[in-house]
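Q: Could you zoom in on one part of this model for me and then work outward from there? I would like to know where that part sits, what it touches and how the rest fits around it.

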Amino acid sequence: MSDTNAQSVSFVRDKMLPESAPPTLERGVVKWIRENLFSSILNSVLTLGSIYVIYWIVAHLYPWLANSVWYASSLNECREIRDATVGPGVPSACFAVITDRWEQLLFGFYPNDAYWRPVMALVAFLAAIAPVLFVSLPRKLLWFSAASPFVMFSLLWGGSIWGPITLAVGFGVGYAAFVLLGRVAGALVSVLGSIIAPVLFWMFLAGPIAGALTAVAPIGLPFVESRSFGGFTLSVIIGVSGIVLSMPLGILLALGRQSDLFIINKVSVAFIEVIRGVPLIVWLFTAQLILGYFLPPGTTFDLTLRVIIMVTLFSSAYIAEVVRGGLAALPKGQYEGADSLGLDYWQSMRLIILPQALKISIPGIVNTFIGLFKDTTLVVFIGLFDPIGLSNAIRASTDWNGIYWELFVFIGLLFFIFCYSMGRYSLFLERKLQRENR
Amino acid sequence: MSELAIDRDIDRSHMTVSDEVAIQIDQMNKWFGTFHVLRDINLTVYRGERIVICGPSGSGKSTLIRCINRLEEHQAGTIMVDGTELSSDLKNIDKIRSEVGMCFQHFNLFPHLTILENCTLAPIWVRKTPKKEAEETAMHFLEKVKIPEQANKYPGQLSGGQQQRVAIARSLCMKPRIMLFDEPTSALDPEMIKEVLDTMIELAEEGMTMLCVTHEMGFAQAVANRVIFMDQGQIVEQNEPKEFFNNPQSDRTKLFLSQILGH
């Protein structure tokens with residue numbers, strides 16, 4: 001047989017090649033543009049089309065913003081200033097309405113000399129959620145977080161400080177009942193006791209005690225009625241209360257829906273489906289009109305509080321479903337692992353199941369919260385003055401009749417800041433947990 | 001699987017079977033819906049016994065040991081563990097579960113906790129052990145399973161064999177009197193099987209009462225004092241390992257052994 005190898009298969013390199021740069025088309029900006037903008041004919045067309053759309057939007061928006069008028073006392077004055085400076089007919093935003101009325105948009109009809117109170121409440125709120133959101137902060141700060149609802153209530157509504165304090169003491173009574181009964185009786189008795197004791201305390205003791213203490217030591221800020229609340233303050237109060245309260249309620253509902261106990265299971269399912277199946281606006285009208293019928297005659301039950309309750313119930317149904325998704329995603333082995341070690345139901349939920357299920361549910365939970373926060377604007381329909389309600393009021397005034405874009409841009413921006421922060425925090429948390437346990 | 005090399009002598013000085021009853025199962029029956037998965041199981045386990053349960057898949061062996069710590073509920077008959085009867089009384093169930101350790105095929109470690117936290121969780125919350133003491137115990141058992149250096153990692157960062165050894169250490173931290181193994185090596189690569197079996201052999205050498213569902217016949221021959229063969233939800237044959245492997249009585253056992261030892 002002849003040798004079929006035309007060339008010798010043996011090869012020895014005698015000179016090593018130096019490292020060289022990639023060709024011009026394959027590096028830096030040129031490469032990036034080619035790969036990301038003009039990688040094919042269709043993509044080039046899309047790129048050019050998108051650039052044109054962006055140009056078109058900016059070209060229309062820019063003059064409006066650039067020629068904007070910031071200081072005027074009415075829309076007509078705005079127009080006069082515009083005509084005098086850039087000429088008649090030129091698009092020009094009249095942000096003077098914001099500089100003129102921003103306090104009202106933020107605080108509603110809250111007394112002018114007490115604007116520091118909502119601001120301090122916001123500061124207290126930020127200080128309270130910081131240790132909850134960022135685990136790296138000292139854990140002792142959580143004590144302030146626990147006290148903060150009462151501090152914020154005292155700041156916002158004012159009145160005697162003894163009311164919120166006795167309210168807080170009620171929770172202490174509940175805890176004491178739980179611990180004391182836990183020593184002498186079973187778990188069920190202590191749980192029941194921890195619910196009944198504070199309710200009895202609030203019904204029969206809290207009022208007289210707070211009254212007596214107020215008579216002895218009348219400490220507190222001037223009382224502000226709920227009616228005066230409005231603007232972004234109101235949105236934040238409703239939104240934050242709803243978010244904070246619906247989280248634990250939603251988790252309990254999700255656990256209830258997973259429960260083997262027939263009654264608890266069915267009650268949870270019915271609650272979730274009914275609340276979720278009816279529009280929020282219907283629940284808000286319910287809060288405004290019907291809830292009053294169920295209360296004993298003579299009780300005045302704050303409309304803001306009713307709205308908070310409805311918003312909380314509404315979003316807790318959504319949270320429950322999101323958390324249920326997280327629970328269902330956990331492998332059965334996690335439940336069995338916890339069971340096999342002898343952990344009881346609440347221990348295994350708290351230590352094993354919920355931390356993992358909630359981690360899975362973070363995007364859905366934050367999504368629900370963002371939705372809830374924006375839905376607070378629906379309260380305008382039951383006569384509360386949220387930013388939208390106020391914008392209507394401002395536009396109804398003779399000074400600002402006919403203006404709307406500028407107000408909505410401002411309101412939208414405020415909401416965007418809050419919602420975007422929530423979204424970013426959700427991403428931060430997801431990445432952090434991703435890093436910690438894979 | 002039979003050719004598992006047990007490459008060391010087994011120290012049998014502590015492998016003593018006492019006449020104290022650890023588990024007593026009487027006429028136990030279980031159904032999944034209408035499917036009769038366990039039929040008339042009678043089994044007495046004495047303290048210090050090392051029992052290997054084998055059988056074809058679907059024969060009910062996993063279900064049997066899962067009944068012992070009530071991961072599955074039996075519908076007829078009685079199970080007594082350490083003198084406590086398994087009934088629907090939650091207190092008894094939690095008590096038995098804290099006395100009986102269990103290792104699973106898929107380890108079931110808690111991925112959101114470090115190895116150390118996995119091991120200290122149950123002692124701290126169930127036994128109310130102080131944290132420092134629980135951590136010392138955990139480190140002791142992690143050293144025993146030869147992975148103390150992984151204590152601060154998360155389960156996801158460990159190999160399968162290491163995870164299973166952590167799972168064993170996690171059970172041991174509760175100082176159980178009985179250990180159940182539910183196919184502990186079935187999800188592992190061959191070289192990891194050996195490290196897990198070594199750990200189990202060490203446990204047997206210390207006199208732990210063990211019930212193992214496994215297909216590792218080498219392990220059965222080396223440390224078991226009794227092999228139970230199950231088929232169709234029933235105990236078909238049980239004997240000491242030598243007799244069981246060399247002189248099986250039932251045809252069903254012979255067939256099974258020829259299939260798993262044949263290659």
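A: **A close look at one arginine**

B:Arg97 lies in helix 2 (residues 90-99) of chain B. Please keep in mind that the model is predicted. With a relative accessibility of 10%, B:Arg97 counts as buried, because the cut-off for that label is under 20%.

What does B:Arg97 touch? Setting aside neighbours within four places in sequence, its contacts on the chain A side are A:Asp339, A:Ser340, A:Leu341 and A:Gly342. Within chain B, the contacts of B:Arg97 are B:Asn69, B:Arg70 and B:Leu71. You can also place B:Arg97 relative to B:Val81, which is 16 residues away along the chain, with 9.8 Å between the two C-alpha atoms.

Those chain A partners lead us to the interface. Altogether, 25 residues of chain B are in contact with 21 residues of chain A. The two chains bury about 2,000 Å² between them, and carbon and sulfur atoms give 58% of that area. On the chain B side, the residues that lose the most area to chain A are B:Phe110, B:His112 and B:Trp125, which together make up 27% of what that side buries.

Staying in chain B, let us turn to a pair of helices. It helps to know that two packed helices are described by the angle between their axes and the distance between the axes. The axes of helix 3 (residues 115-125) and helix 4 (residues 131-144) of chain B come within 9 Å and cross at roughly 125°. The two helices are therefore oblique to each other, and their crossing is right-handed. Helix 3 of chain B brings B:Ile115, B:Leu116, B:Cys119, B:Thr120, B:Pro123 and B:Ile124 to this contact, while helix 4 of chain B brings B:Lys131, B:Ala134, B:Glu135, B:Ala138, B:Met139 and B:Leu142. Sorted by class, that contact has nine nonpolar, one polar and two charged residues.

Another buried residue is worth a stop. B:Ile51 sits in strand 3 (residues 50-54) of chain B, and its relative accessible area is 0%, so it counts as buried. Beyond residues up to four places away in sequence, B:Ile51 touches B:Val45, B:Met210, B:Leu211, B:Cys212, B:Asn225, B:Arg226 and B:Ile228. Measuring by C-alpha atoms, B:Ile51 and B:Phe104 are 16 Å apart in space and 53 residues apart in sequence.

Chain B also has some backbone angles to look at. Most residues other than glycine have a negative phi. B:Asp40, though not a glycine, has a positive phi of about 50°. B:Asp40 belongs to strand 2 (residues 35-46) of chain B and is partly exposed, with a relative accessible area of 45%. B:Gln232 also has a positive phi, near 50°, and is a residue other than glycine. B:Gln232 is found in the loop between strand 9 (226-231) and strand 10 (234-239) of chain B, and at 51% relative accessibility it counts as exposed.

Now let us cross over to chain A and its helices. Helix 9 (residues 231-258) and helix 14 (residues 345-375) of chain A have axes that come within 10 Å and cross at roughly 145°. Their crossing is right-handed. From helix 9 of chain A, the contact residues include A:Phe232, A:Val236, A:Gly239, A:Gly242 and A:Ile243; from helix 14 of chain A they include A:Tyr345, A:Trp346, A:Met349 and A:Phe373. By class, this contact has 16 nonpolar, four polar and no charged residues.

Finally, helix 4 (residues 96-107) and helix 15 (residues 387-396) of chain A pack at an angle of about 130°, with their axes 11 Å apart. These two are therefore oblique to each other, and the crossing is right-handed. A:Val97, A:Arg101, A:Gln104 and A:Leu105 of helix 4 of chain A meet A:Pro387, A:Leu390 and A:Ile394 of helix 15 of chain A. In this contact, five residues are nonpolar, one is polar and one is charged.

Terms used
Residues numbered from 1 in each chain as written. Chains lettered and ligands numbered in written order. Predicted model: local features only at pLDDT ≥ 70, side-chain atom pairs only at ≥ 80, totals over all residues. Heavy atoms only, no water. Axes fitted to C-alpha atoms, helices over the stretch in contact; angles between N-to-C directions. Helix = DSSP H or I, 4+ residues; strand = E, 2+ residues; numbered from the N terminus. Parallel < 35°, antiparallel > 145°, perpendicular 65-115°, else oblique. Left-handed = near helix turned anticlockwise from the far one by under 90°. Contact = heavy atoms within 4.5 Å. Nonpolar A, V, L, I, M, F, W, Y, C, P; charged D, E, K, R; others polar. Buried < 20%, exposed > 50% of the residue type's maximum accessible area, 1.4 Å probe, protein only. Buried area = accessible area lost by both parts, 1.4 Å probe.
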